[in-house]
Amino acid sequence: MLARARADLAGERALLLGLAVALGLAAGIRPSLGLGAALGIAFCLATLTDVTVGLVLFTVLSFLDVVNGGGGVASVTKAAGALLFGSWYIQRLVGTARTTGSAARLDPQLTIAIVSLALWSALSVTWAESSSRAMTSTVSFVLDMLLFPVVLVAVRRRDHLLAIMGAFVVGAVISTAYGFIHPAALGSRNYGRLTGGLGDANEQAAVLVAAIPLAVGIAATATRQWVRNAAWASAVFCAAGVLHTLSRGGLVALGAVLLAAVVFGGRWRPKAIVLLAVVALGTVTYYGAIAPLAARERVTMTSTSGRSDIWRVAWRTIKAHPVGGVGAGNFQIAAVHHVQGVGALTSAYLIVDVPHVAHNVYLELLADLGIPGALAFIGVAVFSLLAAGRAARAFERQGDAQLEIASRCLVLSLVAFLVADLFLSGEFSKQLWLIFALCSAALALSRKGTSMVSSG
């Protein structure tokens, strides 16, 4: 037995030595490669040790698609997601002390909506013009949906929920900083706009607006002064980022979030009104007196940048395929068949020559998956909103102001995405699905009771 233990120890030492030598060689050949490998190994070890730590790291990584390889099949984010799910599965299978009995269940209505969306998307492969695109879209949906079981296991205490909310804010700040340091290239469609780590100004605006209420919530509940200061600074930085994206959809979403904060603010409604006034005044001042002329013209222009033509074709596609749609992810392929008969189009090239998505998640889903698929997605959104709202009311009854504010901020964050998606096809956004899952996690914590969710 002793000899076997010594052999195992020798094997582990040899493995560590081999990894160290490999990292050293990689760093010598290309320092960035060595650093990336070291960080990758650290992420693997942290994730496999604790799924909560892995989820925090994954949340930050999800904001850096441009940096870590974009949305390709082999992107770092997808690899990190697969590793995160593997960690969840192993810990649930083994039944560690930290996860045994801790997994909460989704509400039946939300479960039905999630499963219906996945199954309907998979079924659309049979009638889609491009079955491969339909399958790819279905896989993307399923990967996003896997965040629900992972989050419900990872969020077992109040500090877990707050840590993931904090990671969301940190990811948004890093993405924004990257955008300021690495502006869009001259001649690109996003030139002059902040694109951030997501590589698209409108998507960047959506996640920044969603991050602002989370940062404000952390600032309002943190017990340490430096955390409050950092959270307020992050909220201001994210707001500045929204202004620099020059995204009209982002500004509309920001206004919707501020109005929702007044309506859903509860005992904090007076502060929400003050915040609404400050942000509105700051936005008007920036675009009226500080922003360059080109920025002001872009924000105030009446042109829809071709979106109105895409929406008209999308609506015609929906009327032609109201039940089944054209298949998951197939709007860009099928839209060309519905260009005729929609009147004069000034931006037909966005449909024929360079096919674009619908730039509206609801039209996109109606065109792709028909009424059943769109209703299933809306069901996921609505039941997630209701989950966070119920959690907020439950924490209010329990006298837990910290988690009550956190739950209300999750509602506002989700409102940001749902409004911004009037101008985006963001049904596969990892950040959106993370907020969906966090809403259910907050409700699960509220059901455990204050005494069971205290940190420690």
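This passage describes the empty spaces enclosed within a predicted model. Rolling a probe the size of a water molecule over the atoms shows where such empty space is left. When the whole structure is searched in this way, 2 cavities of 30 Å³ or more are found.

The largest cavity holds about 80 Å³ of space. Its lining is made up of 12 residues, and those closest to the centre are Arg105, Leu106, Asp107, Ser440 and Leu443. Two elements give two or more residues each to this lining, namely helix H17 (361-398) and helix H19 (430-448). Of the contributors, H19 gives the most, with 4 residues. Sorting the lining of the largest cavity by class yields 8 nonpolar residues, 1 polar residue and 3 charged residues.

Attention can now turn to the other space. The second largest cavity contains about 30 Å³. Lining this second cavity are Asn202, Ala206, Ser247, Gly249, Gly250, Ala420, Phe423 and Leu424. At least two of the lining residues come from helix H10 (201-221), and at least two come from helix H12 (248-263). By class, the lining of the second largest cavity divides into 4 nonpolar and 4 polar residues, with no charged ones.

Set side by side, the two linings read as follows: charged residues number 3 around the largest cavity, whereas there are no charged residues around the second largest. The helices named for the largest cavity are H17 and H19, while those named for the second largest are H10 and H12.

Conventions: Residues are numbered from 1 along each chain as its sequence is written. This is a predicted model: local features need pLDDT of at least 70, side-chain atom pairs count only at pLDDT 80 or more; totals for chains, interfaces and linings use all residues. Side-chain values use heavy atoms; hydrogens and water are left out. On a 1 Å grid over the protein atoms alone, a cavity is a set of points where a 1.4 Å probe fits but cannot get out, and a pocket is an open set with protein on both sides within 12 Å along at least five of seven lines; lining residues have an atom within 4 Å of a point. Grid points are joined across faces, edges and corners, and a volume is the space filled by probe spheres set on the points. Ala, Val, Leu, Ile, Met, Phe, Trp, Tyr, Cys and Pro count as nonpolar, Asp, Glu, Lys and Arg as charged, and the others, Gly among them, as polar.
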